[in-house]
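Please examine the sequence and the model shown below before reading further. The paragraphs that follow lead from the ligand outward to its surroundings.

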Amino acid sequence: PVPGDVEQISKAWDAVKNNEVEILYFIFKSYPDIQARFPKFAGKDLDSIKGSADFAIHATRIVSFITQLYSFGKYGASHYAAGFTIVNEFASNHKNRGIPKDQLSEFCTALTKYVSTHAPWDDNIAAAWSRGMKSFLEVSFANY
Ligand code: HEM
């Protein structure tokens with residue numbers, strides 16, 4: 001990451017990081033093929049599952065994973081290894097579930113769209129955000 005990216009990303013992420021359910025809803029709405037991979041959600045009407053406990057639990061897992069990853073960036077170089085560890089673990093879990101790379105990219109596309117339309121956004125934030133997504137996918141795909 002470029003120095004300063006964490007500050008830029010925080011302007012956007014801090015504004016949406018408590019919108020867990022809305023974020024997962026937006027991702028499933030944008031890419032129903034992602035929803036279809038979840039045994040608990042496959043084939044169900046998105047609006048009817050949105051208010052369920054299962055939905056809230058999974059939304060919180062994903063969003064707190066991102067917040068955790070971003071916190072490691074914020075703590076600086078001493079925590080980068082921890083960031084690599086959790087991304088590698090994420091990638092191997094999802095690879096083992098048979099989730100294709102394209103879906104991980106779709107996820108990042110939808111997440112970026114959500115954040116850019118629900119949080120402060122400008123060219124500097126957009127550039128920092130896009131470097132963050134790119135590194136996340138590069139590390140994820142390294143052994144995919
Ligand atoms: C768990 C699918 C992307 C974070 C899961 C599970 C599935 C899944 C089926 C297991 C759910 C369960 O326990 O009932 C997918 C699909 C994705 C995707 C289809 C397509 C893009 C992501 C991304 C993140 C993420 C990008 C993080 C930014 C997690 C976490 C868990 C999880 C933290 C729980 C821990 C684990 O069991 O690995 N995912 N996921 N997922 N996912 Fe994803």
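Which element gives the largest share of the shell around the ligand? In this predicted model, that element is α5, with five residues of the shell. Helix α5 spans residues 53-75, and it is joined by α6 (80-96) and α7 (101-118) as elements that each supply at least two residues of the shell. The shell contains 16 residues, of which Phe38, Asn93, His94, Arg97 and Gln103 come nearest to the ligand. Sorted by class, the residues around the ligand comprise nine nonpolar, four polar and three charged.

Several polar side-chain atoms can be placed against particular atoms of the ligand. For histidine 94, the partner is a nitrogen atom of the ligand, at 2.9 Å from a polar side-chain atom of the residue. For asparagine 93, a polar side-chain atom lies 3.0 Å from an oxygen atom of the ligand. Arginine 61 likewise places a polar side-chain atom 3.3 Å from an oxygen atom of the ligand. Each of these three pairs counts as a polar contact because its N or O atoms lie within 3.5 Å of each other.

The view may now be widened from the ligand to the space that holds it. The ligand takes up space in the largest pocket, whose volume is about 1,400 Å³. Of the 49 residues that line this pocket, Phe65, Ile66, Leu69, Phe90 and Phe136 are the closest to its centre. The elements giving two or more residues to the lining are α1 (5-16), α2 (20-30), α5, α6, α7 and α8 (123-141). Helix α5 again deserves attention: 12 residues, the largest share of the lining, come from this helix, just as the largest share of the shell around the ligand does. By class, the lining divides into 31 nonpolar, 10 polar and eight charged residues.

A final point concerns one residue of helix α7, glutamate 106. Which residues does glutamate 106 touch, not counting those up to four places away in sequence? They are Tyr31, Asp33 and Ile34. With tyrosine 31, the separation in sequence is 75 residues, while the C-alpha atoms of glutamate 106 and tyrosine 31 are 7.3 Å apart in space. Helix α7 thus appears in two settings: it carries glutamate 106, and it supplies at least two residues of the shell around the ligand.

Technical notes
Residues are numbered from 1 along each chain as its sequence is written. This is a predicted model: local features need pLDDT of at least 70, side-chain atom pairs count only at pLDDT 80 or more; totals for chains, interfaces and linings use all residues. Side-chain values use heavy atoms; hydrogens and water are left out. A residue is near a molecule or strand if one of its heavy atoms lies within 4 Å of it. A polar contact is a pair of N or O atoms within 3.5 Å; within protein, one must be able to donate a hydrogen and the other to accept it, and residues adjacent in sequence count only if both atoms are side-chain atoms. On a 1 Å grid over the protein atoms alone, a cavity is a set of points where a 1.4 Å probe fits but cannot get out, and a pocket is an open set with protein on both sides within 12 Å along at least five of seven lines; lining residues have an atom within 4 Å of a point. A molecule sits in a cavity or pocket if more than half of its atoms lie within 2 Å of its grid points. Helices (H or I, at least four residues) and strands (E, at least two) are DSSP runs, numbered from the N terminus. Ala, Val, Leu, Ile, Met, Phe, Trp, Tyr, Cys and Pro count as nonpolar, Asp, Glu, Lys and Arg as charged, and the others, Gly among them, as polar. Contact means heavy atoms within 4.5 Å. Grid points are joined across faces, edges and corners, and a volume is the space filled by probe spheres set on the points.
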